[in-house]
Amino acid sequence: MLEMHYNNRVGHLGGNLSAIDAMLVIHHELMQPGDRFVLSKGHSAGAYYVTLWSLGKLSDADLRTFHKDGTMLSGHPPSRGIPEIEFATGSLGHGLSLAAGLAMAAKLRGQTHRIYCLTSDGEWQEGSTLEALIFAVHHKLSNLSIAVDHNGLQGFGSTAEVASMDPLDQRLAGFGVDLRRCDGHDLDALRQTLAPAGDGCPVVAILATRKGNGVLNFENKMESHYLPLTESQFAEAVAALKGSS
Amino acid sequence: MRQRVCEVLVARAENPNMVFLTGDLGFMALEPLRDRLGDRFINCGVAEQNMISVAAAMAKEGLELWVYSIAPFCYARAFEQVRNDICLHNLPVRLLGNGGGYGYGVMGATHHAIEDYGVLLTLPGMRVYTPAYHDDISVVITQAGDGCEPCYIRLGRDERKIKLPVPAYAPWRRLSPGDGPVVITLGPLASSVQAALEDIGEPRPDLWLVSELPLTSNEVPASLAARIADAGCLCIIEEHVGHGGLGSMMCQWLVESQVRLRAFEHVHALGYPSALSGSQDYLRQQSGLDSDSIRNVILALTQS
């Protein structure tokens, strides 16, 4: 993922690094056949493509086309061409409603598969996301698990500075969800937090994450939302990854 | 028309895949459908953006989706959801917009839909139905329900003073033949146009009604094209703003078809020329869409 973004001079890496651990755990360890995933924070498309690559659904050659002319791998997930991708997202505030629709369809049909949805934290400023949560709780969509990538930074400031929803967990718990919390970079904690289905209501798991996680001088910085890695940041990040493997 | 839509959908509800979403509207109209569909009738509450996205996702799962609201609340409030979630994915969600044009009259401008099909037809794959009569509803609902593309059905009220027979539903219908100017109208306004031109004298206007858009989905009939070329004068009458409506579409058609006219009139909604509100008839009058104004336009065109 670092190479994809660095080689193609693509930004948005910070939110990809905060989200990729959850995406990998959900896809590799939690999702069963028939389960569905909706990436509501479409700007983490790079992490999503890498997750699908890790499942053998995309090739090395596919990843090399990221952000280039003629690619299937646009900066936000496409509506066509990759069967695993349910919906084109990127405009925030759509994904949770789409996930709720999938969950409602399953409930009406008596199907038991689960729907996972990954949202950003800034996205909860969108009224439509709150509309979706009200809907999901009202219809007791316990087959819906919502993971919130709570990295605390958004496009032009921290979520606390821009339009605070803090404390986000308490605010969302007030809607009547099965509220959970964990370290969004602790793989075991992610498994244990996200694995159980909701008890008569949707799950909302607040994942404490770091924007730009794992990249020195990039972590928890606003720059990581938009700016591509510099040469030194890329070299440091690769070295750090090799050192930890 | 809303009651008729309810009756037709109740009959269609034997399809176990049918799901109906409403944005908390339909009181004293949709109860039979609610009772027939049970848990497949979902009141999504006052949350139209969510409703449209939920509909898209359910349609993706193979369910037959109908969404109902006052027209602007389903196409304007949730436009991005229609654009991204329904149309980008080409999902067959049927939007039922009640109160096309100035249909909600004195309820106010927020409830009017005078730019609905112009806006929606900018979206990929979108089809628009504009039924004019009570009798059209069964065919329109069946066609929309069996179709596999997103669509918007603009509902109004059947405006026939006397429920005289009308030509069977078709995308294009000739309401009354004539050797005078060609007049094309759309939706329930057709009855008012027909009444306005009833005793206009010779040469009588050749009155046509279109009920499906865009024009590319149902080509202009050859007989109509020939009449327009022969008459050399054309009048489009619609309860929609001038920009992006049937008038604009027909202008493009004229240019592409290389049809030359000596006279063209476009009678359309002018929005809100004064600060005053009123009934649908009052607001039509403000835009020159009342019977007297229409008649005068056609008379002038006849003499041109």
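Two residues count as in contact here if their C-beta atoms, placed from the backbone, lie within 7 Å. Keep that cut-off in mind on this tour of a predicted model.

**Stop 1: helix H7 of chain B**

Select residues 137–146 of chain B, which form helix H7. Now highlight Ile137(B), Val140(B), Ile141(B) and Ala144(B), which are buried. They sit on the same side of H7(B), because they cover an arc of only 95 degrees around the axis. An α-helix has 3.6 residues a turn, so residues three or four places apart point the same way.

What do the buried residues of H7(B) pack against? Add helix H1 (2–12) and strand E4 (93–98) of chain B to your selection. Then add strand E5 (127–129) and strand E6 (151–155) of chain B. Those four elements are the packing partners.

**Stop 2: the two domains of chain B**

Zoom out to the whole of chain B. Colour 2–155 as domain 1 and 172–303 as domain 2. The centres of the two domains, taken over C-alpha atoms, are separated by 26 Å. Their contact takes 22 residues from domain 1 of chain B and 25 residues from domain 2 of chain B. On the domain 1 side, helix H6 (116–120) and E5 of chain B are the elements that give two or more residues. By class, that side of domain 1 has 11 nonpolar, 7 polar and 4 charged residues.

**Stop 3: two cis peptide bonds**

Stay in chain B and select Glu202(B) and Pro203(B). The peptide bond from Glu202(B) to Pro203(B) is cis, with omega near -5 degrees. Pro203(B) lies in the loop between helix H8 (189–196) and strand E9 (206–210) of chain B.

Next, select Leu213(B) and Pro214(B). The bond from Leu213(B) to Pro214(B) is also a cis peptide bond, with omega near 5 degrees. Look for Pro214(B) in the loop between strand E10 (212–213) and helix H9 (222–231) of chain B.

**Stop 4: positive phi in a loop of each chain**

Select Met28(B). Met28(B) is not a glycine, yet its phi is positive, about 60 degrees. Its loop runs between strand E1 (18–22) and helix H2 (31–37) of chain B. Is Met28(B) buried or exposed? Met28(B) is exposed, with 7 other C-beta atoms within 10 Å.

Switch to chain A and select Asn220(A). Asn220(A) also has a positive phi of about 60 degrees without being a glycine. You will find Asn220(A) in the loop between strand E7 (203–208) and helix H10 (223–226) of chain A. Asn220(A) is partly exposed, with 16 other C-beta atoms within 10 Å.

**Stop 5: helix H6 of chain A**

Select residues 127–138 of chain A, which form helix H6. At 1.5 Å a residue, the 12 residues should span 16 Å. The end C-alpha atoms are 17 Å apart, which agrees. The buried residues of H6(A) include Leu133(A), Phe135(A) and Val137(A). The buried residues of H6(A) pack against helix H5 (95–108), strand E2 (115–120) and strand E3 (144–150) of chain A, together with H3 of chain B. Just after H6(A), click on Lys140(A), which takes a positive phi of about 50 degrees.

**Stop 6: where the chains meet**

Show both chains. Here 20 residues of chain B are in contact with 18 residues of chain A. On the chain B side, the elements that give two or more residues are helix H3 (48–60) and helix H5 (79–87). H3(B) gives the most, with 8 residues. By class, the chain B side has 9 nonpolar, 6 polar and 5 charged residues.

Key:
Residues numbered from 1 in each chain as written. Chains lettered and ligands numbered in written order. Predicted model: local features only at pLDDT ≥ 70, side-chain atom pairs only at ≥ 80, totals over all residues. Nonpolar A, V, L, I, M, F, W, Y, C, P; charged D, E, K, R; others polar. Buried ≥ 20, exposed ≤ 12 C-beta atoms within 10 Å, placed from the backbone. Arc of directions from axis to C-beta. Expected span 1.5 Å × (residues − 1). Domains from an automatic or database assignment.
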